[in-house]
Amino acid sequence: MYCRSCGKDLPETAEICVQCGSKPLAGRRYCQNCGAETDPKAEVCIRCGVRLLGGVKPEGQKDWLTALLLSIFLGYLGVDRFYLGYIGLGILKLFVSIVTLGFAAWIWWIIDIILIATGRLKDAEGRELYKK
């Protein structure tokens, strides 16, 4: 197996690349099968014909664009927090919005939009949001 970020040859059981520090199957520059440099937008390696894994959304990972749109349009009700798995914070955000008629929740709403847009907010399991 080869690192998708730097192309270093790695054992099949590697959890992280010792050269660049990234997950071996994350990234888009090298084929995970043969190590050949690939086009970042390619779906298949032109050298060995294997489907590249860098653009595949891992199962269970939340989508960044969905989270951002939910935050922009329904974030004042806590829908973005529910989507990301923060049920308690979603309920609290909804409660604050209802009790204060939305006046106090708008600050939290703006902060969440900024956090999601900049990629600083992860889902409840600590995973980064998936960007295409």
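Leucine 121 touches Arg81, Leu84, Tyr86, Leu115, Ile116 and Leu129 when residues up to four places away in sequence are not counted. The structure described here is a predicted model, and the account below moves outward from this leucine to its core, to the helices and to the cysteines.

**The nonpolar cores**

Leucine 121 is one of the seven residues of the largest nonpolar core, where Ala67, Leu68, Leu84, Ile113, Ile116 and Leu129 accompany it. Two helices, α1 (64-74) and α4, each supply at least two residues of this core. Apart from it lies another core, of five residues, which include Cys31, Cys34, Ala36 and Leu52. In soluble globular proteins, nonpolar side chains tend to be buried together.

Which residues does isoleucine 116, a member of the largest core, touch beyond its neighbours up to four places away in sequence? They are Trp64, Ala67, Leu68, Ser71, Asp80, Leu84, Leu121 and Leu129. Isoleucine 116 has its place in helix α4, and because its relative accessibility is 0%, under the 20% limit, isoleucine 116 counts as buried.

**Helices α3 and α4**

Helix α3, spanning residues 87-99, and helix α4, spanning residues 105-117, have axes that come within 9 Å and cross at roughly 140 degrees. That crossing angle makes α3 oblique to α4, since only angles over 145 degrees count as roughly antiparallel. On the α3 side the contact is made by Leu89, Leu92, Lys93, Val96 and Ser97, and on the α4 side by Ala105, Trp108, Trp109 and Asp112. Sorted by class, this contact of α3 with α4 has six nonpolar, one polar and two charged residues.

Glycine 90 also has its place in helix α3, and with a relative accessibility of 0% glycine 90 counts as buried. Leaving aside neighbours within four places in sequence, glycine 90 is in contact with Leu77, Gly78, Arg81 and Phe82.

**The segment before α1**

Is lysine 62, which lies in the segment before α1, buried or partly exposed? At 26% relative accessibility, lysine 62 counts as partly exposed. With neighbours within four places in sequence left aside, lysine 62 is in contact with Tyr83, Leu84, Asp123, Leu129 and Tyr130.

For three of the residues discussed, the table gives the C-alpha separation from a residue elsewhere along the chain.

| Residue | Partner | Places apart along the chain | C-alpha separation |
|---|---|---|---|
| Glycine 90 | Leucine 69 | 21 residues | 16 Å |
| Isoleucine 116 | Isoleucine 16 | 100 residues | 25 Å |
| Lysine 62 | Threonine 13 | 49 residues | 25 Å |

**The cysteines**

How many disulfides does a search of the whole structure find? The search finds zero disulfides. Cysteine 34, accordingly, is in no disulfide, and the nearest cysteine sulfur, that of cysteine 45, is 3.7 Å away, whereas a disulfide requires a pair of cysteine sulfur atoms within 2.5 Å. Cysteine 34 counts as buried at 18% relative accessibility, while cysteine 48, with a relative accessible area of 32%, is partly exposed.

Note on methods
Residues numbered from 1 in each chain as written. Predicted model: local features only at pLDDT ≥ 70, side-chain atom pairs only at ≥ 80, totals over all residues. Heavy atoms only, no water. Axes fitted to C-alpha atoms, helices over the stretch in contact; angles between N-to-C directions. Helix = DSSP H or I, 4+ residues; strand = E, 2+ residues; numbered from the N terminus. Parallel < 35°, antiparallel > 145°, perpendicular 65-115°, else oblique. Contact = heavy atoms within 4.5 Å. Nonpolar A, V, L, I, M, F, W, Y, C, P; charged D, E, K, R; others polar. Core = buried A, V, L, I, M, F, W, Y, C linked by side-chain atoms within 4.5 Å. Buried < 20%, exposed > 50% of the residue type's maximum accessible area, 1.4 Å probe, protein only.
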